[in-house]
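Colleague: Could you walk me through this model, with the cut-offs spelled out as we go?

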Amino acid sequence: MPQQINQNMPSYLDSDNPGPWGVFLEQVDELSKWTDTLKHPERSLIVDVPVRLDDGTIAHFEGYRVQHSLNRGPGKGGVRFHQEVTLSEVMALSAWMSVKTAVVGLPFGGAKGGIRVDPRKYSQGEIERITRRYTSEISSIIGVNKDIPGPDVNTNAQTMAWMMDTYSMQVGTTQPGIVTGKPIALGGSLGRVEATGRGVFIVGVAAAKDADINLDGARVSIQGFGNVGGTAARLFTEVGAKIVAVQDHTGTIYDADGLDVEALLAHVKQTGGVGGAANTTAIAADEFWKIETDILIPAALEGQINKHNADSIRARIIVEGANGPTTPAADDILTQKGVVIVPDVLANAGGVTVSYFEWVQNSSSFYWSVEEINQRLEKIMLDAYHALTATAAEHEVSLRTAAFITACTRILEARQLRGLFP
Ligand code: NAD
């Protein structure tokens, strides 16, 4: 009898001969012995990134690449350029990528990278040299079938083009599949730019249907009107919903009859934010969270829905476009109020899903139409949504808990089947 079972035996059973209960405990221990693997990233690399600046001096930046879990496939996760990035942050983000790829059933593990640099302080040439040296430093652990970076905070299609070129120069052949989020001209995928907002829309529509919300005339509020929020707003208005409130870093605007989304997108393109848009009413930032709405989409920053505003939220569904927009305390308050939260690991997984399509297209050098991409995206997002709602109903838990149950089970099942080397 394993020591663990003896220790956990209830007093009313004979610890030396517990009968069938002992068999059950052995089965639990069989799977649970792998859970600690989730607490240990497989590989964490810290690199020094020395770069010659425009003034001739040499600066050093700290860079990281963490592969949390590679059990289900190559690592996948973005590269973040930020002056406050830490190894702990990159480790956590890599683990959330493991969960996200497993929730939507993509054949990837989780990874993440970052450089401690404030990109606003450096010229385009300096950023290119930082990107290239970083790519070269992490090239021993990334690879088309090992770990595929993508863009994240302060990195973009150009950054990915430099990473792809640097890696290709090192291995001697053009390797478009080494990164995703590339420009279309270098093997990027159609539909990638709007994929995350489209994914938010797809699961938002499914959740609305489950909540008996008629989308024709449904009220939607959105925080963040950038790539994710702007795309979701456009798609929701196309099916008859009204965007009643939008908040971004320049202001908060409201119109009970529905904002003119096309005009607003044009205004943001021209001025950089929604503040001051014509024919809209400006309201105080705090008021945004109190607006009665059917669907609330946080698509800006983390921690926006917290214990200070959760109680005043009057939404029926929250679809998390941003990463980590709801704190655990707010999660509890909202769940008690009966608000359905479609968690970030599902709701914003449209981006990594189309990144997967980009990688598949690069591998086969055969490119799909945007219609094919959107159709496949919709199927993957809806299948994942329905799997989570079924798990949530079965275990009487929130969709977020269901997402973690689903993802961790998939990761540990793969771990268990592969066994331990050597
Ligand atoms: P973006 O830069 O295009 O837009 C960000 C938006 O947030 C802007 O409208 C900005 O004004 C707003 N914002 C910034 N600070 C704010 C503040 N203090 N208050 C209110 N609004 C503020 O970024 P994006 O690509 O749309 O990403 C939005 C969120 O979605 C982020 O959390 C990001 O991590 C997450 N996400 C994005 C993708 C993707 O593919 N773009 C994928 C997964 C998750």
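The questions below go through the ligand site, the cavity, the last helix and some single residues.

Colleague: Before we start, what kind of model is this, and how are residues numbered?

Modeller: This is a predicted model, where local features need pLDDT of at least 70, side-chain atom pairs count only at pLDDT 80 or more, and totals for chains, interfaces and linings use all residues. Side-chain values use heavy atoms, with hydrogens and water left out, and residues are numbered along each chain, as its sequence is written, from 1.

Colleague: Happy with that. How many residues surround the ligand, and which are the closest?

Modeller: A residue is near a molecule if one of its heavy atoms lies within 4 Å of it. The ligand is surrounded by 17 residues, and the closest are Thr196, Phe225, Asn227, Val228 and His249.

Colleague: At what distance does a polar side-chain atom of Thr196 lie from an oxygen atom of the ligand?

Modeller: A polar contact is a pair of N or O atoms within 3.5 Å; within protein, one must be able to donate a hydrogen and the other to accept it, and residues adjacent in sequence count only if both atoms are side-chain atoms. Backbone atoms also approach ligand oxygens: a backbone N or O atom of Val228 lies 2.8 Å from one, and a polar backbone atom of Ala300 is 3.0 Å from one. For the side chain of Thr196, the distance is 2.6 Å.

Colleague: On to enclosed space. What volume does the largest cavity have?

Modeller: On a 1 Å grid over the protein atoms alone, a cavity is a set of points where a 1.4 Å probe fits but cannot get out. Grid points are joined across faces, edges and corners, and a volume is the space filled by probe spheres set on the points. The count comes to one cavity of 30 Å³ or more, and the volume of the largest cavity is about 40 Å³.

Colleague: Which elements give two or more residues to its lining?

Modeller: Lining residues have an atom within 4 Å of a point, and those of the largest cavity include Phe288, Trp289, Leu296 and Arg314. Its lining has six nonpolar, two polar and one charged residues, with Ala, Val, Leu, Ile, Met, Phe, Trp, Tyr, Cys and Pro counted as nonpolar, Asp, Glu, Lys and Arg as charged, and the others, Gly among them, as polar. Helices (H or I, at least four residues) and strands (E, at least two) are DSSP runs, numbered from the N terminus. The elements giving two or more residues to the lining of the largest cavity are β10 (292-298) and β11 (314-319).

Colleague: What span does helix α14 reach from its first C-alpha to its last?

Modeller: The expected span of a helix is 1.5 Å times one less than its number of residues. Helix α14 covers residues 399-418, 20 residues, and the expected value is 28 Å. The model comes close to that, with α14 reaching 28 Å.

Colleague: Is Ile411 buried or exposed?

Modeller: Buried means under 20% relative accessible area, exposed over 50%, and partly exposed in between (1.4 Å probe, protein chains only). Ile411 sits in helix α14, and its C-alpha is 6.6 Å from that of Arg72, 339 residues away in sequence. Because its relative accessibility is 2%, Ile411 counts as buried.

Colleague: What follows α14, and which residues does a cis peptide bond join?

Modeller: Just after α14, Gly419 takes a positive phi of about 75 degrees. Pro422 also lies in the segment after α14. With omega at about 0 degrees, the cis peptide bond joins Phe421 and Pro422.

Colleague: Asn279 has a positive phi too. Is Asn279 buried or exposed?

Modeller: Asn279 is not a glycine, yet its phi is near 60 degrees. This residue lies in the loop between α9 (261-271) and β9 (281-282). Since its relative accessibility is 75%, Asn279 counts as exposed.

Colleague: Last one: with which side chain does the side chain of Gln247 make a polar contact?

Modeller: Gln247 belongs to strand β7 (residues 242-248) and is buried, with a relative accessible area of 8%. A polar atom of its side chain lies 3.1 Å from the backbone oxygen of Ala285. The side-chain partner, at 3.0 Å, is Gln223.

Notes:
On a 1 Å grid over the protein atoms alone, a cavity is a set of points where a 1.4 Å probe fits but cannot get out, and a pocket is an open set with protein on both sides within 12 Å along at least five of seven lines; lining residues have an atom within 4 Å of a point.
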